[in-house]
2 protein chains.
Amino acid sequence: MSTRMGKPPSESASLADRIRNTIQTFTPTEKRAARLLLSHYPFAGLGTVAAFAARAGISAPSVLRFVTRLGFSGFPDFQKHLHGELEAQLLSPLAKARPAERTDTAAALSSFAKAIATNLRSTAEAIAPAEFEAVATLLSEPARHLHFTGGRFTAAFARYAESHFRILRPHVDVLDGQPALWRDRMIEIGRRDVVVAYDIRRYQEDVIALCETASRQGATVILITDPWLSPIARVARHVLPAHVSAPSNWDSAAGLLLLTEALIATVTKRLWASAKPRMEAIERLRDEV
Amino acid sequence: MSTRMGKPPSESASLADRIRNTIQTFTPTEKRAARLLLSHYPFAGLGTVAAFAARAGISAPSVLRFVTRLGFSGFPDFQKHLHGELEAQLLSPLAKARPAERTDTAAALSSFAKAIATNLRSTAEAIAPAEFEAVATLLSEPARHLHFTGGRFTAAFARYAESHFRILRPHVDVLDGQPALWRDRMIEIGRRDVVVAYDIRRYQEDVIALCETASRQGATVILITDPWLSPIARVARHVLPAHVSAPSNWDSAAGLLLLTEALIATVTKRLWASAKPRMEAIERLRDEV
DNA sequence: CTTATTCTGTAATTTTTGATACAGTATTTC
DNA sequence: GAAATACTGTATCAAAAATTACAGAATAAG
């Protein structure tokens, strides 16, 4: 066993910092390993032990001793840590190097806004254009019947979508409230129907069951979910995942709203010729009542 | 052998872009793999085949078929490519500038995301910290009764807020559906009650009437609205305006959602001592049913 | 200068990982 | 509705990787 113990890798400071601070205690070959890693941090550590050894001009066992010295249980453990750092750094360029400022409520609001804005950007980037396009097309076909549904928290977005699409086009409803009531309507759902389901963790059994039934009866299922994908993805024709992370105990649904509003906007534009007179007629009716 | 060949991985466009453009030609399981990779790009691909497969909910061979379809000779080859992209991207922060989207709809989605992100930022900046603070405090008092309500489009956010606050604390409900049904409940609303109203253009008569009545009976009214302020502002104790502009015929409600979620997060933190056991109890009840 | 100790690479070993053959299932096509 | 085709998971195999044992080299101490 080594005479010097490595510190546990769970230290708060970045691994690179820790290496820089302790590099003088390393043996000559370990220093070579450390310099390689620091000069190409952290990419040099992403490959195999053999590749790292060759690049540093040392032997494979020396690399192993190096990572052990750093406090890792083995090379895979070491790599796992690098992956984690990399992901944290690249995904939240803002949240990273910020040593817990005062948790003022005003600061909370603005950091919330920042985090959600980041979500929106990554949500938009992760969506396949063809997928979004296909969904927009489905929702633009007046002959199809649209049914929106969601779980405990996401039912609100089904409602939100419905309240807009209802104005744009005919044959729009929401499957909401008592799941028992859905059953009755399910009988009418078939090939021409489109079910748009919102479902994020924890995925809800009754929504899943509804979509499976709908799919079995030939309906087209569209799923709007989180990046971990609801089980509904199995039966869904199209899936639109949205990022949901937020500085809170709860997930943020802003990504779901983004996709919903973007779909509404796209369909509005596409159906404008028929939607405009329809909207005007609805306005007149509202004013009369 | 597969009937469709993957393109060589040396294409100039990023791998993510290529996947987004060709995802429609994938098999269902390949789509699952693609969605995982896109939603956690490229980190999901940095581990082992088995880890990727488990995370995507598919089998290891399917992952191998996926990378083969993408044109790589094997999983290590695929990872090598990801490492390369990652290094290039992180080393040149400038190169991160988006490579000009192709299709119209993709552009629509990303410009939508940008516009909404801007909304969020300006919404957060325009909120008076003391106002937000005061609202959070009101919603954190367990003795008060909370009622959420909204108009045609905004009722969804009242529902969304209610579904969360209901879990955090007692005495939470939503005034929804038939306005006639509100009347019956109005009789019980008094000094200890808090009415949170969502209202944006075009401001809705029945919601306005509800808030005026509530105010007259001594309730505290909180208004979440657009920058032009609903008439409810006259009777509201606190007003939180949100920016709503969007590249669409419709307004965007993302600002409303931001305020809602930020309030939920703040109240959750503040009530954590009592909310945690409450949430656990609710979880247990759910599991039993 | 000799001896003890630490350091480092070669080579063997074991574990893990990626890859493949094949059979069952679902799906599509006629 | 039946046959053909495509799709996907289980079980198995082969390959590569990480790890360890050990001996030689370098360094430091006496």
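These are my notebook entries on the DNA-facing surfaces, the nonpolar cores and one strand of chain B in a predicted model.

**Entry 1: DNA strand D**

I began with DNA strand D and looked up which residues surround it; there are 17, and those that come nearest are A:Val49, A:Leu64, B:Thr27, B:Thr29 and B:Ser62. I then asked which part of the strand the protein approaches, and found that 72% of the atoms of DNA strand D within 4 Å of the protein belong to sugar or phosphate, with the rest belonging to bases.

For the phosphate contacts I noted three cases. In chain A, a backbone N or O atom of A:Val49 lies 2.8 Å from a phosphate oxygen of DNA strand D. In chain B, the side chain of B:Thr29 has an N or O atom 2.5 Å from a phosphate oxygen of this strand, and B:Ser59 places a polar side-chain atom 3.0 Å from a phosphate oxygen of DNA strand D. The elements that give two or more residues to this surface are helix H3 (49-56), helix H4 (60-69) and helix H5 (75-91) of chain A, along with helix H2 (28-39) and helix H4 (60-69) of chain B. H4(B) gives the most, with three residues. By class, I recorded eight nonpolar, seven polar and two charged residues on the surface near DNA strand D.

**Entry 2: DNA strand C**

I turned next to DNA strand C, which is surrounded by 16 residues, the closest being A:Thr27, A:Thr29, A:Ser62, B:Val49 and B:Leu64. Of the atoms of DNA strand C that come within 4 Å of the protein, sugar and phosphate make up 71%.

Here too I followed the phosphate oxygens. A:Thr29 has a polar side-chain atom 2.6 Å from a phosphate oxygen of DNA strand C, while a polar side-chain atom of A:Ser62 lies 2.7 Å from one. From chain B, a polar backbone atom of B:Phe75 is 3.0 Å from a phosphate oxygen of DNA strand C. Two or more residues each come from helix H2 (28-39) and H4 of chain A, and from helix H3 (49-56), H4 and helix H5 (75-91) of chain B. The most come from H4(A), which gives three residues. The surface near DNA strand C holds eight nonpolar, six polar and two charged residues.

**Entry 3: the nonpolar cores**

I then looked away from the DNA and into the protein interior. The largest nonpolar core has 98 residues, of which A:Leu139, A:Phe148, A:Phe165, B:Leu139, B:Phe148 and B:Phe165 touch the most other members. A second, separate core of 56 residues includes A:Val63, A:Leu86, B:Val49 and A:Val49; A:Val49 is also among the residues that come nearest to DNA strand D.

I listed the contacts of B:Phe148, leaving aside neighbours within four places in sequence, and found among them B:Ala158, B:Phe165, B:Val174, B:Val196 and B:Tyr198.

**Entry 4: strand E3 of chain B**

Since B:Val196 and B:Tyr198 are both contacts of B:Phe148, I looked up strand E3 (residues 193-199) of chain B, where seven of its seven residues are buried. B:Asp193, B:Val195, B:Ala197 and B:Asp199 point one way from E3(B), whereas B:Val194, B:Val196 and B:Tyr198 point the other way.

What joins E3(B) to the strands beside it? Six bridges join it to strand E1 (residues 145-150) of chain B, in a parallel arrangement, and six bridges join E3(B) to strand E4 (residues 220-225) of chain B, also parallel. I used B:Tyr198 as a marker for both pairings: B:Gly150 stands opposite B:Tyr198, and B:Tyr198 stands opposite B:Ile224 in E4(B).

Definitions and conventions. Residues are numbered from 1 along each chain as its sequence is written. Chains are lettered from A and ligands numbered from 1 in the order in which they are written. This is a predicted model: local features need pLDDT of at least 70, side-chain atom pairs count only at pLDDT 80 or more; totals for chains, interfaces and linings use all residues. Side-chain values use heavy atoms; hydrogens and water are left out. A residue is near a molecule or strand if one of its heavy atoms lies within 4 Å of it. A polar contact is a pair of N or O atoms within 3.5 Å; within protein, one must be able to donate a hydrogen and the other to accept it, and residues adjacent in sequence count only if both atoms are side-chain atoms. Helices (H or I, at least four residues) and strands (E, at least two) are DSSP runs, numbered from the N terminus. Ala, Val, Leu, Ile, Met, Phe, Trp, Tyr, Cys and Pro count as nonpolar, Asp, Glu, Lys and Arg as charged, and the others, Gly among them, as polar. A nonpolar core is a set of buried Ala, Val, Leu, Ile, Met, Phe, Trp, Tyr and Cys residues joined through side-chain atoms within 4.5 Å. Buried means under 20% relative accessible area, exposed over 50%, partly exposed in between (1.4 Å probe, protein chains only). Contact means heavy atoms within 4.5 Å. Two strands pair if DSSP finds at least two bridges between them.
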